[in-house]
Amino acid sequence: MLPKILNILGILLVAVAISMLEVPYMRKKRLKKELWLFSILLLLGVGISIAKALSWFIPTPLDWIAAVYRPFSDFLTHIGLIK
């Protein structure tokens, strides 16, 4: 349990360090859109990294694509075009 907590703390420390480097520059240059995009992507990255550190299942984009096309594939299998 302790290594997972240390991993999460490391991820959060890196995220804070990245924010401390990038956010003042963006605020100084008044890059509001870029700051919002940076914040959203950083939060998404931190969330996925923490989930990975906790060994949670994270679906890949291929899983989503397979789920979308599965009914079509089942249909083609049902009518005998593919085996």
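## Exercises on a predicted helical model

The buried residues of helix α2 are L35, F38, V46, I50, A51 and A53. The model is a predicted one, and the exercises below work through its helices and loops.

**Exercise 1. Determine how α1 and α2 are oriented relative to each other.**

Step 1. Locate the helices: α1 covers residues 2-28 and α2 covers residues 32-53.

Step 2. Decide what to read off. Two packed helices are described by the angle between their axes and the distance between the axes.

Step 3. Read the values. The angle is about 170°, and the axes are 10 Å apart.

Step 4. Apply the cut-off. An angle over 145 degrees counts as roughly antiparallel, and α1 and α2 are therefore roughly antiparallel to each other.

**Exercise 2. List the residues through which α1 and α2 meet, and sort them by character.**

Step 1. On the α1 side, the contact is made by K4, N7, I8, I11, L12, A15, I18, S19, E22, V23, M26 and R27.

Step 2. On the α2 side, the partners are E34, L35, F38, L42, V46, S49, I50 and A53.

Step 3. Sorted by character, the residues of this contact comprise 13 nonpolar, three polar and four charged.

Step 4. A general point helps in reading such lists. An α-helix has 3.6 residues a turn, so residues three or four places apart point the same way.

**Exercise 3. Which residues of α1 are buried, and against what do they pack?**

Step 1. The buried residues in α1 are I8, I11, A15 and M26.

Step 2. These buried residues of α1 pack against α2.

Step 3. Check the other side: the buried residues of α2 pack against α1. Among them are L35, F38 and V46.

**Exercise 4. Compare the expected and actual span of each helix.**

Step 1. For α1, 27 residues at 1.5 Å a residue should span 39 Å, and the end C-alpha atoms are 39 Å apart, which agrees.

Step 2. For α2, 22 residues should span 32 Å, and the end C-alpha atoms lie 31 Å apart, which agrees.

Step 3. For α3, residues 61-79, the 19 residues should span 27 Å; the end C-alpha atoms are 28 Å apart, which agrees.

**Exercise 5. Where do α1 and α3 bend, and which proline follows each bend?**

Step 1. In α1, the bend is at M20 and amounts to about 25°. The proline P24 follows within four residues.

Step 2. In α3, a kink of about 45° is found at Y69, shortly before the proline P71.

**Exercise 6. Find the residues with positive phi that come after the helices.**

Step 1. Recall the background: most residues other than glycine have a negative phi.

Step 2. After α1 comes R30, with a positive phi near 55°. R30 is not a glycine. R30 sits in the loop between α1 and α2 and is exposed, at a relative accessible area of 72%.

Step 3. Just after α2, S55 has a positive phi of about 60°. S55 is another residue that is not a glycine. S55 belongs to the loop between α2 and α3 and is exposed, with a relative accessible area of 56%.

Step 4. Just after α3, G80 has a positive phi of about 90°.

**Exercise 7. For K52, L9, G47 and L62, state the helix, the exposure and one C-alpha distance.**

Step 1. K52 is in α2. With a relative accessible area of 60%, K52 is exposed, since the cut-off for exposed is over 50%. From K52 to I8, 44 residues apart in sequence, the C-alpha distance is 9.7 Å.

Step 2. L9 is in α1. At 43% relative accessibility, L9 counts as partly exposed. L9 and I50 are 41 residues apart along the chain, and their C-alpha atoms are separated by 9.3 Å.

Step 3. G47 is in α2 and counts as partly exposed, at 38% relative accessibility. Between G47 and L31, 16 residues apart along the chain, the C-alpha separation is 24 Å.

Step 4. L62 is in α3 and counts as exposed, at 60% relative accessibility. L62 and I40 are 22 residues apart in sequence, and their C-alpha atoms are 23 Å apart in space.

Notes: Residues numbered from 1 in each chain as written. Predicted model: local features only at pLDDT ≥ 70, side-chain atom pairs only at ≥ 80, totals over all residues. Heavy atoms only, no water. Axes fitted to C-alpha atoms, helices over the stretch in contact; angles between N-to-C directions. Helix = DSSP H or I, 4+ residues; strand = E, 2+ residues; numbered from the N terminus. Parallel < 35°, antiparallel > 145°, perpendicular 65-115°, else oblique. Contact = heavy atoms within 4.5 Å. Nonpolar A, V, L, I, M, F, W, Y, C, P; charged D, E, K, R; others polar. Expected span 1.5 Å × (residues − 1). Bend = angle between axes of the 7 residues up to and from the residue. Buried < 20%, exposed > 50% of the residue type's maximum accessible area, 1.4 Å probe, protein only.
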